[in-house]
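Student: I would like a close look at one loop position and what surrounds it. Please start there and work outward, giving the contacts and pairings as you go.

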Amino acid sequence: MRKYLLVLLGLCALSSCVSEPRRYRMSYETFVGINEKELVNIVGAPDSVYEMDNEKFLTYFKTGSAYAGYGHVVPQICKITFVFYKERLDNWHYEGNMCDAYIDSINLH
C-alpha cells in the first residue's frame with residue numbers, strides 16, 4: 001500500500017509541473033502577426049531582448065514559490081519567449097512549472 005502511495009504522490013508531483021501547451025498554443029495563435037509595440041502594450045516591457053539577423057526575441061520571466069505541504073516549498077518559474085520575424089510575431093514558446101498562472105495573470109487568452 002505504501003509503495004502505491006509513493007507512486008501516486010510522484011505522479012501528482014510530475015503532473016503539477018506540466019503545462020497545457022495545446023490550451024495556450026490556441027490562445028497565443030491569436031497574437032501571431034501582431035507587432036512588437038502591440039505585444040508590449042498587452043504584456044508589458046520584456047525582461048530581456050535579443051536580436052539576430054531578421055529575428056527579435058522578447059523574453060518574460062516570472063519566479064516564485066509554492067507551499068507543497070509538510071513544510072516543503074517548491075520553487076516556481078516561467079519563461080515565455082516571443083519571436084518576431086520582420087517585425088511581426090512569428091512564434092513563441094514557454095517553459096516552467098508556473099506558466100499557467102503567469103499566462104493567466106498577463107491576460108494572454
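Tutor: I34 sits in the loop between α2 (21-29) and α3. The model is a predicted one. Is I34 buried or exposed? Its relative accessibility is 14%, and because the cut-off for buried is under 20%, I34 counts as buried.

What does I34 touch, beyond its neighbours within four places in sequence? The contacts are L39, I42, F84, E87, R88 and L89. Of these, E87 is 53 residues away from I34 in sequence, yet the two C-alpha atoms are 8.4 Å apart in space. R88, another of the contacts, belongs to strand β4, so the next thing to describe is the sheet that contains β4.

The sheet is open and has four strands in the order β1-β2-β3-β4, paired antiparallel. The edge positions are taken by β1 (48-52) and β4 (88-96); each has a single partner strand, so one side of each is left with no neighbour in the sheet. From one strand to the next, the twist averages 20 degrees. Helix α3 (residues 36-43) packs on this sheet and touches β2 (55-69), β3 and β4. The direction of α3 makes about 20 degrees with that of β2.

Charged side chains also link α3 to the sheet. Side chains of opposite charge can pair when their charged atoms come close. How many salt bridges does a search of the whole structure find? There are three. One is formed by E38 and R88, with the closest N and O atoms 4.0 Å apart. E38 is in helix α3 and R88 in strand β4, 50 residues apart, and the pair thus links distant parts of the chain. Both residues are partly exposed: E38 has a relative accessible area of 35%, and R88 has 41%. R88 therefore has two roles in this description, as a contact of the buried I34 and as the salt-bridge partner of E38.

Another salt bridge is made by the side chains of E36 and K56, at 2.9 Å from N to O. E36 lies in helix α3 and K56 in strand β2, so this pair ties together parts 20 residues apart in sequence. E36 is partly exposed, with a relative accessible area of 27%. K56 also meets the side chain of E51 in a salt bridge, at 4.0 Å from N to O. E51 is exposed, at 55% relative accessible area. Through shared partners, E36, E51 and K56 are joined into one network.

Back to the strands. β2 and β3 run antiparallel and are joined by 14 bridges. S65 is opposite P75 in β3. The hairpin of these two strands has two residues between them, and Y70 there takes a positive phi near 55 degrees. β3 (residues 72-85) and β4 are also antiparallel, joined by eight bridges. In β4, Y94 is the bridge partner of I80, and V83 stands opposite N91. β3 and β4 form a hairpin too, with two residues between the strands; K86 in its turn has a positive phi of about 50 degrees.

Within β3, T81 is worth following. T81 is buried, with a relative accessible area of 5%. Not counting residues up to four places away in sequence, T81 touches F57, L58, T59, N91, W92 and H93. The side chains of T81 and T59 make a polar contact at 3.3 Å.

Two of the residues touching T81, F57 and W92, recur among the aromatic pairs. The structure holds three such pairs. In one of them, Y50 and F57 have ring centres 6.0 Å apart and planes at 40 degrees, so that pair is tilted. W92 and Y94 form a stacked pair, 5.8 Å centre to centre with 10 degrees between the planes. W92 and Y94 are both buried.

Technical notes. Residues numbered from 1 in each chain as written. Predicted model: local features only at pLDDT ≥ 70, side-chain atom pairs only at ≥ 80, totals over all residues. Heavy atoms only, no water. Pairing = 2+ DSSP bridges. Axes fitted to C-alpha atoms, helices over the stretch in contact; angles between N-to-C directions. Contact = heavy atoms within 4.5 Å. Buried < 20%, exposed > 50% of the residue type's maximum accessible area, 1.4 Å probe, protein only. Polar contact = N/O pair within 3.5 Å; in protein donor to acceptor, adjacent residues only side chain to side chain. Phe/Tyr/Trp six-rings, centres within 6.5 Å; stacked < 30°, edge-to-face > 60°.
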